Amino acid sequence: IERGRGQCLIGDRIYDVVEHDLIHVPPMTWHQFRATQEDALGFLCVVNAERDRPQQPTETDLAQLREDPDVAAFIRT
């Protein structure tokens with residue numbers, strides 16, 4: 001995290017993040033970052049361009065994520 005603070009969803013867990021945190025997202029794991037309302041969130045993202053193509057979750061994926069009420073409240077589609 002380069003600046004700001006917020007939260008990130010990795011798989012089915014939500015983590016608080018602040019400046020200078022390092023976050024590892026395993027391949028093929030749903031993830032989402034969100035800044036707090038009073039902050040901007042800036043981060044660098046390093047990926048393997050050939051392996052890590054952007055993908056949208058399917059309706060089945062979203063249904064599974066939404067089984068956890070905290071995750072359901074966090075995700076934006």
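Methionine 28 lies in the loop between S2 and S3, and this loop of the predicted model is a good place to begin a tour of the structure. Methionine 28 counts as exposed because its relative accessible area is 65%, which is over the 50% cut-off. The backbone of this residue is also worth a look: methionine 28 has a positive phi of about 60°, although it is not a glycine. As background, most residues other than glycine have a negative phi. Methionine 28 and arginine 3 are 25 residues apart along the chain, and their C-alpha atoms are separated by 26 Å.

Histidine 20 is also found in the loop between S2 and S3. Its phi is positive too, near 80°, and histidine 20 is a residue other than glycine. Is histidine 20 buried or exposed? With a relative accessibility of 67%, histidine 20 counts as exposed.

Stepping back from the loop, the protein contains 2 helices and 3 strands. Along the sequence these elements follow the pattern β-β-β-α-α. Measured out along the principal axes would be a familiar way to picture the overall extent; here, the C-alpha atoms fill a box of roughly 35 × 35 × 15 Å. Of the 77 residues in the protein, 25% are buried. Among contacts with a separation of 6 or more, 52% join residues that are 24 or more positions apart.

The 3 strands form an open sheet, and their order across the sheet is S2-S1-S3, with antiparallel pairing. Strand S2 (13–18) and strand S3 (31–35) are the edge strands, and each of them pairs on one side only. Neighbouring strands of this sheet are turned against each other by 20° on average, with direction ignored. In general, strands of a sheet pair through backbone hydrogen bonds, either parallel or antiparallel.

How many bridges join strand S1 to S2? Strand S1, which covers residues 5–10, is joined to S2 by 6 bridges, and the two strands run antiparallel. Two of the pairs can be followed by eye: isoleucine 10 stands opposite arginine 13 in S2, while arginine 5 has valine 18 in S2 as its bridge partner. The hairpin of S1 and S2 has 2 residues between the strands, and here glycine 11 takes a positive phi near 65°.

S1 also pairs with S3 in the antiparallel sense, over 5 bridges. Within this pairing, glutamine 7 stands opposite arginine 34 in S3. Arginine 34 itself lies in strand S3. What is the nearest side chain of opposite charge to arginine 34? That side chain belongs to aspartate 16 and is 10 Å away; arginine 34 is buried yet has no salt bridge. Leaving aside residues up to four places away in sequence, arginine 34 touches Gly6, Gln7, Leu41, Ala73, Phe74, Ile75 and Arg76.

Two of these neighbours, Phe74 and Ile75, also appear in the largest nonpolar core. Which residues make up this core? It has 6 residues, namely Leu9, Leu62, Leu65, Val71, Phe74 and Ile75. Helix H1 (59–65) and helix H2 (69–74) each supply at least two residues of this core. A second, separate core has 5 residues, including Ile1, Cys8, Ile10 and Val17.

Leucine 9 is a helpful residue for tracing the surroundings of the largest nonpolar core, of which it is a member. Not counting residues up to four places away in sequence, leucine 9 touches Ile14, Trp30, His31, Gln32, Val71, Phe74 and Ile75. Val71, Phe74 and Ile75 on this list of contacts are also members of the largest nonpolar core. For the strands, it helps to remember that side chains in a regular strand alternate between the two faces of the sheet.

Terms used:
Residues numbered from 1 in each chain as written. Predicted model: local features only at pLDDT ≥ 70, side-chain atom pairs only at ≥ 80, totals over all residues. Heavy atoms only, no water. Pairing = 2+ DSSP bridges. Helix = DSSP H or I, 4+ residues; strand = E, 2+ residues; numbered from the N terminus. Axes fitted to C-alpha atoms, helices over the stretch in contact; angles between N-to-C directions. Core = buried A, V, L, I, M, F, W, Y, C linked by side-chain atoms within 4.5 Å. Buried < 20%, exposed > 50% of the residue type's maximum accessible area, 1.4 Å probe, protein only. Contact = heavy atoms within 4.5 Å. Lys, Arg positive; Asp, Glu negative; His and termini not counted. Salt bridge = Lys/Arg side-chain N within 4 Å of Asp/Glu carboxyl O.
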